[in-house]
Amino acid sequence: MGLSVDRITINGGKPLLGRIELKGAKNLVTKAMVASVLGETPSVLKDVPNISDVRIVRGLLEVHGVRVVEGVEEGELIFDPSNVESAHFADIDAHAGSSRIPILFCGPLLHRLGEAFIPDLGGCRIGDRPIDFHLEVLRKFGAVVEKLPSGIRMSAPNGLRGAKVELPYPSVGATEQVLLTAVRAEGITELKGAAIEPEIMDLINILQKMGAIITVDTDRVIRIEGVERLEGYTHRALFDRNEAASWASAALATDGDIFVGGARQSEMLTFLNVFRKVGGQFEIHDDGIRFWHPGTPLNPVFIETDVHPGFMTDWQQPLVVALTQAQGVSIVHETVYEQRFGFVDALIDMGAEIQVHKDCLGGQACRFGQRNFNHSAVIVGPRKLHGADIEVPDLRGGFSHLIAALSAEGPSTVSNVGIIARGYENFIGKLQQLGADFVLEG
Ligand code: EPZ
């Protein structure tokens, strides 16, 4: 499942043309795998992508005694949780990598075993702040949270009870934490300020298949009636809309035409509106969406990233590459993550004209305004990109660098591309299918 290749030399300037197929969403599949721990019987998950984040969660399940085997269908995994057991800090740590998923094991493991551990992954990887909502939620359910030198230990000496929870921000992970904990807690849980991303709705579908009782109101309120027993599930994962948006942006940036098999309109409405405003063309089919460059100049846009149903933060980086080719000034105000514009430095080296600002530009003030975060970008286009040597910083930023190299004139060497395999299944094979001109280096 890993990617042995570390570096790609790309001869850019050729449109990407052809068809690729999506599998299930990384940001649903990994949580669905954790949910299998709650069942008394085996679960079957279909359309699991072959990505390294899935391998990490599989490893974490296995160290906790869950048997994981491949099913008959390609991309099908079967999880048997009949022998769930405690794991050592060191084993969890060794399997966790830089993933945040260990925190989501807490509720299910507290139900199954009465205790759970999260390794201390180091201040810059998991500090207290990025999991503060999670710890607060677990305490509300009655978990005892102890900070030890080696990590965090949790126990539930009196079991877990339903709670009234209000999130300070509609966090995806903290909402999932509440769901995965409340479904088997005693009594009723009311969650206010919930995130309602389609991946969360699909996790709710899975939990309902397992026997959970969950009501979703229109005002970010979710109610869960705890039940005593959950069964395994059989489920085909929701498609990866972040991957779909990435390839759509690649079509636009390279003057290309890509049919993204498995993409659906309803979960991508907001992206499709912006894609159309930029000038991108698309056609909705029963089995996917075709995205292509119009052949005329692209338009600049103003985008503010937000929680669903807003424009997702994960769509921002690939689209910024296409916006370097729009005729005029685009503005992107990032309101979900405070530090998500580091990737533009490489684009600037390649000839893009982009400035980042600490102010909330173009829209409303967000929680990062008046603080020291470069979270607004001004992109002036069109600017011709030329090839460069780039080192991939993170998953979405890395895919954006690939797109930039594919659209630039001349050769680019992109290193550290293994990170991209965390979330993009077989991206090398897909680039080949789309006619990209590149050479792999070990
Ligand atoms: C999920 O991260 C996704 N990851 C992210 O995708 C995605 O960008 C994000 O949701 C927003 O949609 C997975 O699903 C594995 P959050 P998550 O909790 O759940 C702050 C990708 O590229 N916060 O909604 O970790 C946090 O710092 C990845 O696929 C706290 O302050 O995101 C951020 O500013 C990247 N304390 C905001 O909330 C907490 O305890 C939203 O984060 C938790 C979060």
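These are my notes on the ligand site and on some backbone details of this structure.

**Entry 1: the model.** I began by checking the kind of model, and it is a predicted one.

**Entry 2: the ligand shell.** I listed the residues around the ligand and found 23 of them. The ones that come nearest are D132, S171, V172, V336 and R396. I then sorted the shell by residue type: nine residues are nonpolar, five are polar and nine are charged.

**Entry 3: polar contacts.** I looked up distances to oxygen atoms of the ligand. For K26, a polar side-chain atom lies 3.0 Å from a ligand oxygen. For K31, an N or O atom of the side chain is 2.8 Å from an oxygen atom of the ligand. V172 takes part through its backbone, where a polar atom is 2.7 Å from a ligand oxygen. I also noted the areas: the ligand taken alone exposes 830 Å², and the protein buries 87% of that.

**Entry 4: where the site sits.** I asked which pocket the ligand takes up, and the space in question is the largest pocket. Next I looked up the elements that give two or more residues to the shell, which are α1 (26–35), α5 (132–140), α6 (172–182), α10 (313–323) and α12 (395–407). I checked the domains as well. Domain 1 (7–22 + 240–441) and domain 2 (26–236) each supply at least three residues of the shell.

**Entry 5: cis peptide bonds.** I turned to the backbone with a general point in mind: most peptide bonds are trans, and most residues other than glycine have a negative phi. I noted a cis peptide bond between H308 and P309, with omega about 10°. P309 is in the loop that runs between β17 (302–304) and α10. I noted another cis bond joining G381 to P382, where omega is about -5°. P382 has its place in the loop between β20 (376–381) and β21 (389–391).

**Entry 6: positive phi.** I looked up D255, which is not a glycine but has a positive phi, near 60°. I found D255 in the loop between α8 (241–253) and β14 (257–261). N416 is not a glycine either, and its phi is positive at about 65°. I placed N416 in the loop between β22 (411–415) and α13 (427–433).

Notes. Residues are numbered from 1 along each chain as its sequence is written. This is a predicted model: local features need pLDDT of at least 70, side-chain atom pairs count only at pLDDT 80 or more; totals for chains, interfaces and linings use all residues. Side-chain values use heavy atoms; hydrogens and water are left out. A residue is near a molecule or strand if one of its heavy atoms lies within 4 Å of it. A polar contact is a pair of N or O atoms within 3.5 Å; within protein, one must be able to donate a hydrogen and the other to accept it, and residues adjacent in sequence count only if both atoms are side-chain atoms. Accessible areas come from the Shrake-Rupley method with a 1.4 Å probe; for residues, only the protein chains shown count as cover. On a 1 Å grid over the protein atoms alone, a cavity is a set of points where a 1.4 Å probe fits but cannot get out, and a pocket is an open set with protein on both sides within 12 Å along at least five of seven lines; lining residues have an atom within 4 Å of a point. A molecule sits in a cavity or pocket if more than half of its atoms lie within 2 Å of its grid points. Helices (H or I, at least four residues) and strands (E, at least two) are DSSP runs, numbered from the N terminus. Ala, Val, Leu, Ile, Met, Phe, Trp, Tyr, Cys and Pro count as nonpolar, Asp, Glu, Lys and Arg as charged, and the others, Gly among them, as polar. Domain bounds come from an automatic or database domain assignment.
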